[in-house]
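Please open the model in your viewer and keep the sequence panel beside it. The tour below goes from one selection to the next and says what is found at each stop.

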Amino acid sequence: MKKLTFLQAFRGIAALMVVILHSRINYPTNESSLISNWLFNANGSGVDLFFVISGFIMVYTTRNTDGTFLYTTKFAVKRFARIVPVYLVVSIIFYIVMLITYGYINADYKFGWNDVVKSLMFIPLDLNNGNAPFFGSPVLHVGWSLNYELYFYLIICISLLFKKFRWVVFSSWIAFSLLFLPYIFGNDVTLIGFHRYNFSSYLNIITSPLIWEFVAGVVIGWLYFSPLQIHNPLVARSIAWISAAFAFWWIVSGVHSGVGVTHWGFPMVIMVFCFVIASKTYEFTVPKWLIWLGDISFSLYLVHPIVTDTASLLLWDTPARVAIQDPSFLPLMVALSLAIASLSHHYLEKGLSNKVRDVILKKIEFFSSKNKKHKDKETDNVK
């Protein structure tokens, strides 16, 4: 199996795009300027890229599943440990930093500890009345996307239990939740990611058209393991880089701005598909710094609001207001975010998350082994 390090680079770029977006402290002095559009406005598409990659990775990492409950449990634990411990710690740190910051500027912070608890349970804070696809962003506002990630992982985990029929089960659920449910409740089915159907409660997440981006990634995964291949390495490489140029033009020009497969997600799906298929013929060389950026991408995505939000609050009512709206403020925000993300990756991802994962997996192995010995003993007694 060829290396897919370019996907790690894509993750790093996607996280950096979101950092750049949020480094625009409120709004630049000239909102309509070309540099504003290029540096800031299009970078929300980083989330769309994340979702498409997640869909593909789920196909790639579960390709050798045996469909057993033990495998599925271990898979779920690894997903849980990858996300939850880091998100929990960073969310609490962010909340405390915001409380201190708002207190310093003599302002009221709208969130309470009950909102923190709800956020850490991956429940959107305003499921009934919030705007799609956020439905009331959590305390750590970038965490809204994790509500979709965790739901998608849940679908994958359940599907894995059906062994060779797992993708039939997955496809059936997607058809039911994204097509049948909206239709029978009188909605016009759409692919627009920021569309909201007339549901309440968690059905707003389950039926969100934004889920189609994960589905697109899954389809790309199926095609990767199919006979489909570009046999000429030069053609394969050319198609991949043309797709990257197309994606850049689409999101920067503002052809269709917004989340979802009909908007920013469309060129991201095309680009990931082209690179993935091209990688079957041509192995892309990825600079080490991009691989490193991909390694810390999850931490970078989560921790950067600690930098950008704090800077916005502390400097907005000072003589520096105009200066922090200038694009020249961007490198400082990015550098600080990268520094904190590096610490988070080392101590929270490689430290805390891996520790949580290893401890839980060890417990599972222990009970699994104990249960196996008990069954073997019962079999021997029957003989």
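A residue is called buried when its relative accessible area is under 20%, exposed when it is over 50%, and partly exposed in between. With those cut-offs in mind, please remember throughout that this is a predicted model.

**The whole chain**

Begin with the protein chain shown as a cartoon, where the secondary structure comes to 15 helices and zero strands. The radius of gyration is 22 Å, close to the 21 Å that the globule rule gives for 383 residues, so the chain is as compact as a globular protein of that length. If you draw a box around the C-alpha atoms along the principal axes, it comes to roughly 85 × 55 × 50 Å.

Next, switch on the surface: the protein chain exposes about 18,700 Å², and carbon and sulfur atoms supply 66% of that area, while 50% of the 383 residues count as buried. Colouring by charge brings out 30 positive and 20 negative side chains, and the centres of these two sets lie 12 Å apart. Among contacts with a separation of 6 or more, 75% are accounted for by residues 24 or more positions apart, and the next two stops give examples of residues that are distant in sequence.

**Helix α1 and helix α3**

Select T5, which lies in helix α1, residues 5-22. Because its relative accessible area is 28%, T5 counts as partly exposed. Now add T285, which is 280 residues away along the chain, and the C-alpha atoms of T5 and T285 turn out to be separated by 8.1 Å. Leaving aside neighbours within four places in sequence, T5 is in contact with F284, V286 and I291.

Move on to F56, in helix α3, residues 46-61. Is F56 buried or exposed? With a relative accessible area of 0%, F56 is buried. Not counting residues up to four places away in sequence, F56 touches a set of residues that includes L4, L7, G217, Y224 and V276. For a distance to check in the viewer, take F56 and S226, which are 170 residues apart in sequence and 13 Å apart in space, C-alpha to C-alpha.

**Backbone stops in the loops**

Most residues other than glycine have a negative phi, and most peptide bonds are trans. The following selections can be viewed against that background.

Select N106, in the loop between α4 (69-104) and α5, where phi is positive at about 60° although the residue is not a glycine. N106 is exposed, with a relative accessible area of 73%. Then go to F122, in the loop between α5 and α6, which also has a positive phi, near 60°. F122, however, is buried, with a relative accessible area of 10%.

Continue to P133, whose place is in the loop between α5 (113-120) and α6 (144-160). The peptide bond that joins A132 and P133 is cis, with omega at about 0°.

**A histidine to finish**

Finally, select H263 in the loop between α10 (233-253) and α11 (265-278). H263 is buried, with a relative accessible area of 11%. Show the side chains of H263 and T262, and you will find a polar contact between them at 2.7 Å. Which residues is H263 in contact with, once its neighbours within four places in sequence are left aside? These are I192, F194, W250, H256, S257 and G258.

Notes
Residues numbered from 1 in each chain as written. Predicted model: local features only at pLDDT ≥ 70, side-chain atom pairs only at ≥ 80, totals over all residues. Heavy atoms only, no water. Helix = DSSP H or I, 4+ residues; strand = E, 2+ residues; numbered from the N terminus. Rg over C-alpha atoms; globule rule 2.2 N^0.38 Å. Buried < 20%, exposed > 50% of the residue type's maximum accessible area, 1.4 Å probe, protein only. Contact = heavy atoms within 4.5 Å. Areas by Shrake-Rupley, 256 points an atom, 1.4 Å probe, with all protein chains shown as cover. Lys, Arg positive; Asp, Glu negative; His and termini not counted. Charge placed at Lys NZ, Arg CZ, Asp CG, Glu CD. Polar contact = N/O pair within 3.5 Å; in protein donor to acceptor, adjacent residues only side chain to side chain.
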